Every structure is written in C-alpha cells, then in structure tokens.
Amino acid sequence: MTALLEAKNIGKRFGGLEALTDITLSIARGDIYGLIGPNGAGKTTFFNVLTGFYAADRGSFLLDGAPLSVTSTHAVAAAGIARTFQNIRLFENMTALENVMVGRHVRTQAGVVGAILRTRSTRNEERAIHERAHYLLDYVGIAGRQHTLAHSLPYGDQRRLEIARALATAPKLLALDEPAAGMNATETATLKLLLERIRADGTTILLIEHDVKLVMGLCDRVAVLDYGRKIAEGVPAAVQRDAAVIEAYLGGAIA
Amino acid sequence: MTSAGFSRLKEHPVALWAGVALIAVALLVLPFALAAVGTAWVRIMNLAILFALLSLGLNIVVGYAGLLDLGYIAFYGVGAYTYALLASPQFNIHLPFWIILPIGALVACFFGVLLGVPTLKLRGDYLAIVTLGFGEIVRIFFNNLSQPVNITNGPQGISRIDPFRLGGFSFNQSETFAGLTFSGPVKYYYLLLLVLLAVIVINVRLQDSRIGRAWQAIREDEVAAGAMGINTAHVKLLAFAMGASFGGVAGGIFAAIQGFISPESFVLVESIMVLSMVVLGGMGNIWGVIVGALLLSFVPEILRYTVDPLQRLLFGKSFVEPEVIRMLLFGLALMLMMLFRPAGLWPSKVRQRELTES
C-alpha cells in the first residue's frame with residue numbers, strides 16, 4: 001500500500017491562534033480518508049493549506065511520492081488535487097455543462113490563436129471537452145440538467161455538480177469539504193453510492209464530514225482533529241472507541 | 001435578434017441567407033446613401049465603426065472577464081501614436097500601414113500587460129481607480145514627451161500623418177470606378193467594415209472557447225476558478241492584452257483617417273464614452289455592444305444638426321447649445337437605462353441573469 005498524499009508536520013497559525021499544529025497524516029491510494037472533528041478543529045484550514053488557499057507556516061506535502069508545491073490554487077489543481085467547497089461555489093450563471101467544461105481547463109491547451117483560427121486540434125479538443133463533461137454529468141447523475149443554470153439546480157444537484165466539476169480536472173485526490181452538509185437522508189444515501197463509485201473507479205478521496213454515520217460507513221481510515229491537533233487516526237471502528245475522541249466530542253468526564 | 005429567434009432562423013437556411021444578403025447589400029450601399037445626405041455623415045459613420053471596434057475590445061476586458069477598465073482609451077492612443085510616429089514627417093519614417101498596424105497592436109498589447117500585472121489582485125472599484133490613473137498617465141506622457149527629446153510633439157500633436165496606401169492605391173483620394181465615385185471616407189468605410197467583421201468573428205470565437213469559458217469563470221467566482229486549475233493571473237492578463245491590441249489597431253486606423261492626432265483625443269471622457277457604449281448596449285453581448293457604439297456615436301451628431309435649427313424654428317433664436325443638450329440627454333439616457341434596462345439595451349443572457357436574479 002503506497003501513500004498517495006503524505007502531510008508532514010503541517011503547521012498554520014493565524015495571529016495568536018494555532019489553527020494547525022504538527023499535522024502528519026498519510027492517505028493511501030484508493031482510500032476514502034475521513035477528516036473529522038468538532039467545529040473549529042481545523043479541518044477546513046487543513047483543506048485550505050493543502051489546496052493552496054493559505055500558505056502553511058511549517059511542514060510539507062508529498063503527492064504521489066513527489067513534493068507538492070503549494071504555491072497557488074491552480075498549481076495544486078494541476079498537480080492533481082481537486083476540491084469542493086463547504087459553502088458551494090459553482091459558477092452560478094453558467095449552465096451545469098459549462099461548469100464541468102471549465103473543470104477541463106487545466107487538462108486542455110487551446111489558446112487564443114487556436115480559438116480564433118478554430119484549428120483542427122482546437123475543434124477536436126472542444127469536442128473531447130464536451131464529451132467528457134457530458135459523461136461526468138451522467139456519472140454524478142444529473143445528465144438531464146446539463147442546460148440548467150447552476151444556481152437554479154436543487155441543492156443536492158449543486159453538490160453533485162461541484163463534484164463533477166472537480167472530477168473534470170482528472171484529480172488523483174478528490175478533496176470534499178462537507179459534501180453531505182444540508183442534505184436529507186435520501187440525498188446522503190445517493191451521495192454515499194456516488195463516492196463509493198468514485199473510489200471504485202480509482203480516485204482517492206479526502207473527506208471532511210460532520211455526518212458521523214456517513215463517515216463511519218464510508219471511510220477506510222479516519223483522522224480526528226481537535227483544536228488544530230490530530231488526536232486520533234485509524235479505521236473508523238477503532239477511532240469511534242478512542243477515549244480522546246469521545247472526550248473531544250462529548251466533553252471530559254465530570255470529576 | 002434573440003437567440004430563440006436565431007435558432008428558428010437556423011431551421012430556415014433560405015430565410016437566414018436572405019437576411020444575411022440583405023444586411024450585406026444594405027451595408028455596401030450605406031456609404032452612398034450617407035454621402036447623398038452629406039460627406040460628413042460618412043466620416044461620422046467611420047468614427048462610429050471605430051468606436052464599435054473599441055467597444056468590442058473593451059467588451060473582452062469588461063464584458064467577458066469582468067475587469068472594470070476606466071483607462072481603455074490609452075490603448076487607442078498608444079495605437080494612434082505608434083502609427084503617427086511610424087508614418088509621418090515627425091521622424092520622417094513612412095512605413096506601410098500593414099506593417100504598422102500589427103506593430104501598434106503589439107505595442108498596445110504590451111501596455112495592456114503593463115497595466116495588467118500590477119492590478120492582478122485588484123477588483124471592482126480599486127481596479128477602476130488604477131486603470132483610470134493609467135489612462136491619465138498615458139495621456140500626460142503624450143502631452144509632455146516633447147522634451148528633452150521631441151517624440152510626441154506635445155500638445156500640438158502630430159500632423160500630416162500618412163493615409164493608408166497600398167502600392168499606388170491611396171485611401172484618401174477619390175476614385176471613379178464603374179461610374180461610381182469612391183471618396184476617401186467611403187474607401188475607409190469599406191476597410192473599417194472588413195476590420196469590424198474580423199473583430200466580430202474573433203470576439204464570437206473567443207467567447208465560445210476554452211479561454212472564453214475561463215474568463216466567464218473568473219468573472220463568476222475567481223476563487224473557485226483558481227481551485228479548478230485556471231491560472232487566474234494568466235487569464236486576466238490575456239484579457240487585458242487582447243482588449244488592448246484591439247484598441248491599438250483601432251487607434252492606428254484613427255490616426256490614418258484623421259491625418260492628425262493630439263493628446264486631446266485620448267482624454268478620460270473618451271474612456272467613459274467607450275465604457276458607456278459597452279454598458280448601454282449590453283455588456284458581454286457583441287451585437288448589443290455594437291448597437292451601443294453606433295447609438296452613442298450617431299445620436300450626438302444628429303443632435304448637433306437638429307438642436308439649433310429646431311430652436312430657431314420654435315423660438316426664433318437659439319437658447320441652448322447642442323453640446324449642452326447632448327450631455328443632458330446622455331445623462332438622462334444613462335439614468336433611464338439603469339432604471340429600466342440595467343443589463344443594457346441588448347444584454348447578453350448571462351449578464352441579464354446576473355443583474356436580475358441575484
């Protein structure tokens with residue numbers, strides 16, 4: 001089992017607040033890796049450091065054995081990490097199809113000259129972008145919505161569209177920030193099926209989630225953050241019984 | 001034409017082509033019709049097309065990429081001065097226009113990047129202020145680069161600029177062909193029409209391309225666009241550079257048509273005028289932008305010729321100068337627009353959605 005992503009001693013401080021302290025974790029290829037913890041534990045900060053939104057103060061990442069240069073968000077996407085956002089960030093006035101087509105940007109080349117002259121290679125590339133985008137909309141289960149504007153999609157479909165857009169960048173690691181937030185039980189169940197399918201098709205997933213049932217049923221490994229520190233890591237069943245985790249979630253024993 | 005109307009037309013190729021042919025014939029005959037009213041109107045038409053070119057260039061920056069640029073006229077000026085310096089007695093250089101226009105586009109493009117690089121992190125109002133300053137700086141340079149070495153000839157401007165020439169064929173001389181007299185302005189009109197057509201094609205193709213989608217994405221949500229792997233800095237610079245080079249080409253043609261340029265032609269009000277054309281017509285929609293440019297070019301001229309006679313007819317003497325009426329109506333028109341058609345006369349569908357539903 002080789003690690004797809006290794007985080008080594010990641011530290012991030014906002015003024016006096018130590019948001020992340022010495023986070024070291026390793027995500028195995030083909031796993032769904034859950035990152036859980038109470039509100040404010042540093043999960044999203046970790047995401048933002050990993051995807052280039054914040055610069056880490058300390059530590060480094062290895063993606064696929066190579067050092068990941070977290071200099072900008074687009075460099076991280078090009079390296080093979082695609083993310084979704086806790087508060088959905090779609091291109092709202094573009095159609096579902098166009099949203100996914102934008103995701104193909106980083107894996108395609110056509111420039112200004114190609115676009116103006118409509119060269120054969122540009123036309124072929126455009127066709128491939130279209131086909132891939134259609135395929136991905138179908139893959140996440142919203143094929144019928146291709147011409148609907150992103151902001152008029154139902155909430156659950158917006159979440160799916162965000163996943164489709166991220167998948168369009170052909171990521172090695174798909175990083176999902178609370179994909180089930182605000183979903184009802186049915187939507188969560190279909191989301192679970194989708195994530196399992198993505199894993200089966202070979203994409204590793206890093207998942208931040210509050211829905212403990214979803215995390216426990218879906219993840220191969222789980223890490224628990226609390227006050228910016230990793231307090232537990234392991235298979236879900238073991239983490240669930242961990243004393244530190246129980247304390248973090250439920251509070252300490254009354255002395 | 002709405003896109004629904006357009007797709008209905010697409011199902012009737014005969015009707016579509018008949019329509020295209022009709023418009024083409026009308027455009028070909030137009031300068032003669034205008035010349036019958038007065039040669040001045042052909043010149044006004046030419047200036048209107050130049051402004052349409054400018055508006056389409058600015059539309060890339062403002063309409064597609066969503067970057068508010070209040071100094072766009074600077075690129076027009078850079079193109080015009082490039083042409084003037086390379087085809088006038090100023091330095092006694094007389095290069096042919098088909099060499100200078102690409103040079104002018106490149107120089108303007110360079111200035112576009114020059115403006116783009118330091119403003120990459122700015123948005124909205126802040127970007128507007130910096131671009132406004134940039135436009136003024138460029139104009140002040142034109143005004144003052146007459147010493148210690150005289151480059152731009154300062155406020156006097158550069159005169160006796162070469163017209164477009166192709167072998168023995170000069171664009172500023174009248175010629176009779178098949179019983180029809182083609183005056184200088186009429187010849188320029190046809191040339192401008194060709195350039196406009198090319199610029200329209202370029203705009204349409206850019207909009208519907210990988211780059212066009214990237215522009216739209218950064219306009220919608222720059223953060224998400226970055227996370228999807230779009231190099232936002234690169235894509236923004238591309239918008240500035242593309243928009244600027246259109247401005248540069250238009251400026252070169254302007255210099256050749258006028259034969260004289262001075263810093264006066266590249267003042268802030270002109271930038272605002274071009275931006276108004278884009279906004280009035282409908283940001284992001286090529287046809288709307290062209291309509292906006294034609295309207296704002298023609299209406300003032302029509303007023304110039306009607307306000308005085310009308311007042312004399314009604315009151316026996318003239319109270320208000322056309323220029324005053326012009327600004328008054330202009331302000332009124334913009335206010336009415338903001339109230340009733342905030343997305344423009346002929347808005348792009350996307351912009352309309354942004355402005356009405358959010």
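Start in chain A of this predicted model by selecting helix α5, residues 120-140, together with helix α6, residues 155-168, which pack at an angle of about 140° with their axes 9 Å apart. Two packed helices are described by exactly this pair of quantities, the angle between their axes and the distance between the axes. Angles over 145 degrees would count as roughly antiparallel, and α5(A) and α6(A) are therefore oblique to each other. If you turn the view, you can follow how α5(A) passes α6(A) in a right-handed crossing. To see where the two helices touch, show the side chains of A:R132, A:A133, A:L136, A:L137, A:Y139 and A:V140 on α5(A), and those of A:R160, A:I163, A:A164, A:L167 and A:A168 on α6(A). Sorted by class, this contact has 9 nonpolar and 2 charged residues, with no polar residue.

Now widen the selection to the whole of chain A, where you can look for 10 helices and 10 strands. The C-alpha atoms fill a box of roughly 75 × 40 × 35 Å along the principal axes. A compact globule with 255 residues would have a radius of gyration near 18 Å, and the 19 Å of chain A agrees with that. Of these 255 residues, 48% count as buried, and among the contacts in chain A with a separation of 6 or more, 67% are between residues 24 or more positions apart.

For one such buried residue, select A:I23, which you will find in strand β2, residues 17-28, of chain A. Is A:I23 buried or exposed? With 25 C-beta neighbours inside 10 Å, A:I23 counts as buried. If you set aside the neighbours within four places in sequence, the residues in contact with A:I23 are A:A7, A:I10, A:F46 and A:K230. Add A:R229 to the view as well: A:I23 and A:R229 are 206 residues apart along the chain, yet their C-alpha atoms are separated by 6.4 Å.

Stay in chain A and move to A:Y227, in the loop between β9 (221-226) and β10 (229-234). Most residues other than glycine have a negative phi. A:Y227, however, has a positive phi of about 45° although it is not a glycine. With 16 C-beta neighbours inside 10 Å, A:Y227 counts as partly exposed.

Next, bring chain B into view and look at where the two chains meet: 26 residues of chain B are in contact with 28 residues of chain A. On the chain B side, the elements that give two or more residues are α7 (184-207), α8 (210-220), α9 (222-227), α10 (232-258) and α14 (349-357). Which of these elements gives the most to the side that touches chain A? That element is α8(B), with 7 residues. The residues on this side of chain B divide into 13 nonpolar, 6 polar and 7 charged.

Keep α8(B) selected, because 10 of its 11 residues are buried, so that this helix is largely enclosed by the rest of the structure. Its buried residues are B:R210, B:I211, B:R213, B:A214, B:W215, B:Q216, B:A217, B:I218, B:R219 and B:E220. What covers these residues comes from both chains, and includes α3 (96-103) and α4 (112-117) of chain A together with α3, α7, α9 and α10 of chain B.

Two of those covering helices of chain B make a useful pair to select next, namely α3(B), residues 39-64, and α7(B), which pack at an angle of about 15° with their axes 10 Å apart. Angles under 35 degrees count as roughly parallel, and α3(B) and α7(B) are therefore roughly parallel to each other. Here α3(B) passes α7(B) in a left-handed crossing, and the residues of the contact divide into 19 nonpolar, 5 polar and 1 charged.

Then go to the loop between α6 (124-144) and β3 (165-166) of chain B, which holds B:P148. The peptide bond from B:Q147 to B:P148 is cis, with omega near 0°. The loop between α6 and β3 also holds B:N153, which has a positive phi of about 65° although it is not a glycine. B:N153 is buried, with 20 other C-beta atoms within 10 Å.

Finish by selecting all of chain B, whose secondary structure comes to 14 helices and 6 strands. Its C-alpha trace spans about 60 × 55 × 50 Å along the principal axes, and 46% of its 358 residues count as buried.

How values were computed
Residues numbered from 1 in each chain as written. Chains lettered and ligands numbered in written order. Predicted model: local features only at pLDDT ≥ 70, side-chain atom pairs only at ≥ 80, totals over all residues. Helix = DSSP H or I, 4+ residues; strand = E, 2+ residues; numbered from the N terminus. Rg over C-alpha atoms; globule rule 2.2 N^0.38 Å. Buried ≥ 20, exposed ≤ 12 C-beta atoms within 10 Å, placed from the backbone. Contact = placed C-beta atoms within 7 Å. Nonpolar A, V, L, I, M, F, W, Y, C, P; charged D, E, K, R; others polar. Axes fitted to C-alpha atoms, helices over the stretch in contact; angles between N-to-C directions. Parallel < 35°, antiparallel > 145°, perpendicular 65-115°, else oblique. Left-handed = near helix turned anticlockwise from the far one by under 90°.
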